[in-house]
Each structure stands twice: as structure tokens, then as C-alpha cells.
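Colleague: Thanks for sitting down with me over this one. Could you walk me through the fold, one piece at a time?

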Amino acid sequence: MKKVFVVGGSGRVATALIKDLVKQGNQVTAGARHPEKVVKLDNVTAVKLDLHDSQAAINQLINGYDAVYFTAGSRGHDVLQTDAMGAVKSMIAAETNHIQRYIMLSSMYALQPEKWAQIPALASIMDYNIAKFFADNYLISNTKLDYTIVQPATLTEETGTNMISVGENKDTDIPISDVANFLANCLTADNTIGKVLMIRKGETPINEAINAVK
């Protein structure tokens with residue numbers, strides 16, 4: 001059992017992720033600007049987290065955990081303070097409080113800006129990808145965290161299949177529940193540490209896909 005803090009704990013991916021983490025026997029604290037919107041389950045505690053708050057306040061809140069997930073997203077309305085600097089603040093809090101494991105929900109090709117104009121789904125979220133570009137780069141280059149960066153294709157509300165593809169592939173979307181499942185299973189998969197993993201719909205069971213990461 002691990003104690004896990006989920007940043008952006010009321011979002012679509014976070015809700016599915018929290019359910020998976022609890023099923024695996026973990027204790028979850030979900031930080032959200034509107035904690036009343038966090039899914040209500042045993043072993044889930046909702047707390048108010050505003051990424052506009054000071055670094056000191058966020059350090060105090062994200063303290064005493066085994067791992068941090070960053071799943072917050074402003075949907076284009078607050079990319080600088082949420083998607084970019086909010087992510088950095090959570091990384092600083094993790095390092096300040098000696099939380100080594102950090103898992104980032106990012107965006108497909110966030111670290112490859114040359115792709116953004118070529119793919120319509122990415123061109124439509126340019127500002128978000130710019131924010132994720134800087135957040136992902138900060139995580140890689142400016143921290144010593146045991147990070148995993150997960151870059152999913154376009155999220156859909158379709159029923160999950162528990163089957164994915166990691167890396168380059170023709171598929172351009174993925175069900176939210178499959179993203180959450182992948183994120184949850186990365187928690188104890190040490191072979192995903194230090195990796196940037198693009199995921200899409202595919203034909204490989206999630207556990208097999210994670211085990212195959214090198």
C-alpha cells in the first residue's frame with residue numbers, strides 16, 4: 001500500500017485513476033480547487049488545492065506521501081499558472097518533502113513541437129502543448145525525481161479495452177479509463193522511471209505493455 005497525492009483530483013482522468021489506485025490497495029489524497037467534486041470512496045481524502053497558491057502553501061499540503069501524480073488541466077483557460085507553473089510547484093513540493101516518485105499526465109508529442117502544426121488535434125491545443133513542453137522539460141532537466149511522463153493521444157469517453165499501444169502508431173485517440181489504468185500501473189513499475197511514454201489505442205494488454213518498457 002502506498003500513500004498517493006493526486007494533483008487535479010476532480011478531473012476526468014483523475015477520477016478514473018483514483019478508483020484504480022484504491023482498487024490496488026492504496027490510500028489516496030486528491031487535491032482539487034473544488035474538493036467537493038472529488039469522487040467519494042473509502043481510502044480517498046479530498047483536500048482543497050489551488051495551484052495559484054504560494055509555493056510554501058503547496059509544500060505544506062503535498063507532504064508525507066510516497067508518490068505524486070499530476071493530472072491537473074485547465075483546458076486552455078489557465079495554462080501558465082495551472083499546466084505550466086502549477087506542475088512545477090508540485091515538483092518542487094515533492095522534492096522539498098523527499099517524495100521521490102512523480103508521475104506526470106502530459107500530452108501526445110508535448111516534447112516534439114515540430115509535430116504540433118502537422119496534427120490537427122494538436123494544432124487546436126497549441127497553448128496547452130506549449131505549457132506541457134516547459135513542464136515536462138522542467139521535470140526532466142531540473143529535478144532529480146523518479147519521474148514517468150505519460151503522453152496520451154486524444155482522450156475519449158469510450159469504454160476502455162485495457163489494450164494499448166506505446167509509442168508511434170496510427171491511432172490518434174485512447175479511452176480515459178485506459179489512460180488511468182496505465183497511470184495507476186506505472187506506480188510500482190520501476191522500469192517506467194525516467195521514461196516518456198506515448199500511449200494510444202492498441203492491441204497489447206496494459207500490464208504487458210508496461211512490462212515491455214525498457
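Colleague: Let's begin close to the end of the chain: in which segment is A212 found?

Modeller: Happy to help, and please keep in mind that this is a predicted model. Going by the helices and strands, A212 belongs to the segment after α7.

Colleague: Is A212 buried or exposed?

Modeller: The cut-off for exposed is over 50% relative accessibility. A212 has 51%, so this residue counts as exposed.

Colleague: And how far is A212 from N191 in space?

Modeller: In sequence the two are 21 residues apart. Taken from C-alpha to C-alpha, the distance between A212 and N191 is 8.7 Å.

Colleague: Now the sheet: which strands stand at its edges, and why is one side of each left without a neighbour?

Modeller: The open sheet has 9 strands with mixed pairing, in the order β3-β2-β1-β4-β5-β6-β10-β8-β11. Each edge strand has a single partner, so one of its sides has no neighbour in the sheet. Those edge strands are β3 (44-48) and β11 (204-205).

Colleague: Which residue of β11 does M163 stand opposite?

Modeller: Strand β8 covers residues 163-166 and runs antiparallel to β11, with 2 bridges joining them. Across from M163 in β11 is P205.

Colleague: What angle does helix α3 make with β5?

Modeller: Helix α1 (residues 12-23) lies across β1, β2, β3, β4 and β5, at about 175 degrees to β1. Helix α3 (residues 79-96) also packs on the sheet, where it touches β1, β4 and β5. Its direction and that of β5 make an angle of about 170 degrees.

Colleague: How many residues are in the largest nonpolar core?

Modeller: Nonpolar side chains tend to be buried together in soluble globular proteins. Here, the residues with the most contacts inside the core are V6, L17, I18, L21, Y69, F182 and L183. Elements that each supply at least two residues include β1, α1, α6 and β10. The core's total is 43 residues.

Colleague: Beyond four places in sequence, which residues is L21 in contact with?

Modeller: L21 is one of the α1 residues that meet α6. Setting aside neighbours within four places, its contacts are V4, V6, N26, V28, Y69, A184 and L187.

Colleague: Last one: is α1 parallel or oblique to α6?

Modeller: The two axes come within 8 Å and cross at roughly 50 degrees. The crossing of α1 past α6 is right-handed. Roughly parallel would need an angle under 35 degrees, so with that crossing angle α1 is, relative to α6, oblique.

Methods. Residues numbered from 1 in each chain as written. Predicted model: local features only at pLDDT ≥ 70, side-chain atom pairs only at ≥ 80, totals over all residues. Heavy atoms only, no water. Pairing = 2+ DSSP bridges. Helix = DSSP H or I, 4+ residues; strand = E, 2+ residues; numbered from the N terminus. Contact = heavy atoms within 4.5 Å. Axes fitted to C-alpha atoms, helices over the stretch in contact; angles between N-to-C directions. Core = buried A, V, L, I, M, F, W, Y, C linked by side-chain atoms within 4.5 Å. Buried < 20%, exposed > 50% of the residue type's maximum accessible area, 1.4 Å probe, protein only. Parallel < 35°, antiparallel > 145°, perpendicular 65-115°, else oblique. Left-handed = near helix turned anticlockwise from the far one by under 90°.
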